[in-house]
Amino acid sequence: MNVNRRTLLLGAATTGIATTFSIRTRPANAAEFTYKFANNQALTHPMNVRAKEAVAKILEESGGRMAINIFPSSQLGADTDMLNQVRSGGVEMFSLSPIILSTLVPNASLNGVGFAFPSYDKVWPAMDGELGKYVRAEIEKKGLLTLDKIWDNGFRQITSSKGPITTPKDLEGFKIRVPVSPLWTSMFTAFGSAPASINFAETYTALQTGIVDGQENPLAILTTAKLFEVQKYVSMTNHMWDGFWILLNRRSWQALPADLQGIVSKHFNAAAELQRKDVMGLNATVQAELEAKGMKFNKPDGALFQEKLRAANFYKDWKAKYGDEAWAILEKAIGKSLS
């Protein structure tokens, strides 16, 4: 199954349910274990398309013993609320950006250091290799577990209602929505912007009402969240790569028999591989769709922005916060020195 424009636009129709409802697999009392998987993406986003396939396969292979209900579009709360719920066990599974996760696991945000990753050719060997292994160990220290494969969110771009971002100077005084994370706030502060930490569920309204002038997200989210309705300009900055870890409540996961743990891991990790291809393919075609909706694109020189961060001691400061070991793992993964 390929996630393309048609899937994106018609996904809700093909599931037979509205985006305001969760994806139910079967009656809860029919399964030995019934878990909730919460996320902040629309039902038509590749994450939920592939997760829906995965939970169906899990139900089948487990002989009906393991049912997972998907709650998309922040139905069960904002990211910070859901992080608390997966820690307490109110939700058994939750997908979250590692950069937002850094509010609990500080070094989880290593992959999001500004302008660190030049392309996917560096991302996947790092996140499936030493860098990903390091972050998963850091997550476990905080009492949560995560599956091996990180899902793709994509390279993030800056959008604006005011005008294109062509140089770092255009970010001075720019009111930009950022997720609740010190790394994002720090980076845009280094540019002289006015970052506002706002949960994703509230982003559309913040843009619509002018609380902020812009935001930054991968292209696929501009479509699935309909941000093109409240933003005009897209600057292809590729300023950070972002993904989604599937976080697990430790007690709930350990309550599963080993065979069910294996079934869930196998199908969610396989779905992650497919979702990565979906997002890459979608981002390759969505620019034309967004342009047709009236958005204007430009491609600034990333080297100018990286140099601005270097001059503001952004890299030096974050190296000190992450520690030499973590920073060395990052630089080994990207094949260059940032500081």
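The largest cavity of this predicted model encloses about 100 Å³ of space. On a 1 Å grid over the protein atoms alone, a cavity is a set of points where a 1.4 Å probe fits but cannot get out, while a pocket is an open set with protein on both sides within 12 Å along at least five of seven lines; residues with an atom within 4 Å of a point count as lining. Grid points are joined across faces, edges and corners, and the volume is the space filled by probe spheres set on the points. The structure holds one cavity of 30 Å³ or more. Its lining takes in 16 residues, and N40, D79, I100, N153 and R156 come closest to the centre. By class, the lining of the largest cavity has seven nonpolar, five polar and four charged residues (Ala, Val, Leu, Ile, Met, Phe, Trp, Tyr, Cys and Pro count as nonpolar, Asp, Glu, Lys and Arg as charged, and the others, Gly among them, as polar).

As for open space, the second largest pocket offers about 190 Å³. Around it sit P118, Y120, F155, Q157, L219, M236, N238, M280, N283, A284 and K299, a lining with seven nonpolar, three polar and one charged residue. Helix 11 (residues 258–292) is the biggest giver here, with three residues.

Helices (H or I, at least four residues) and strands (E, at least two) are DSSP runs, numbered from the N terminus. One open sheet is built from six strands in the order 8-7-9-6-10-12, with mixed pairing; two strands pair if DSSP finds at least two bridges between them. Strand 8 (194–197) and strand 12 (296–298) have a single partner strand each, so they stand at the edges with one side lacking a neighbour in the sheet. On average, neighbouring strands are turned by 25 degrees against each other, direction ignored. Strand 10 (residues 233–235) runs parallel to strand 12, and three bridges pair them; V234 stands opposite F297 of strand 12.

Helix 14 (residues 324–334) meets helix 13 (residues 314–322), their axes coming within 6 Å and crossing at roughly 120 degrees. Axes are lines fitted to C-alpha atoms, for helices over the stretch in contact, and angles run from 0 to 180 degrees between N-to-C directions. Helix 13 is therefore oblique to helix 14 (under 35 degrees is roughly parallel, over 145 roughly antiparallel, 65 to 115 roughly perpendicular and the rest oblique). Y315, W318, K319 and Y322 of helix 13 touch D324, A326 and W327 of helix 14, contact meaning heavy atoms within 4.5 Å. Five of these residues are nonpolar, none polar and two charged.

Helix 14 also meets helix 6 (residues 130–141), with axes within 9 Å and a crossing of roughly 150 degrees, so the two are roughly antiparallel. E130, L131 and Y134 of helix 6 contact E325, A326, I329, L330 and K332 of helix 14.

Residues are numbered from 1 along each chain as its sequence is written, and side-chain values use heavy atoms, with hydrogens and water left out. In this predicted model, local features need pLDDT of at least 70 and side-chain atom pairs count only at pLDDT 80 or more, whereas totals for chains, interfaces and linings use all residues.
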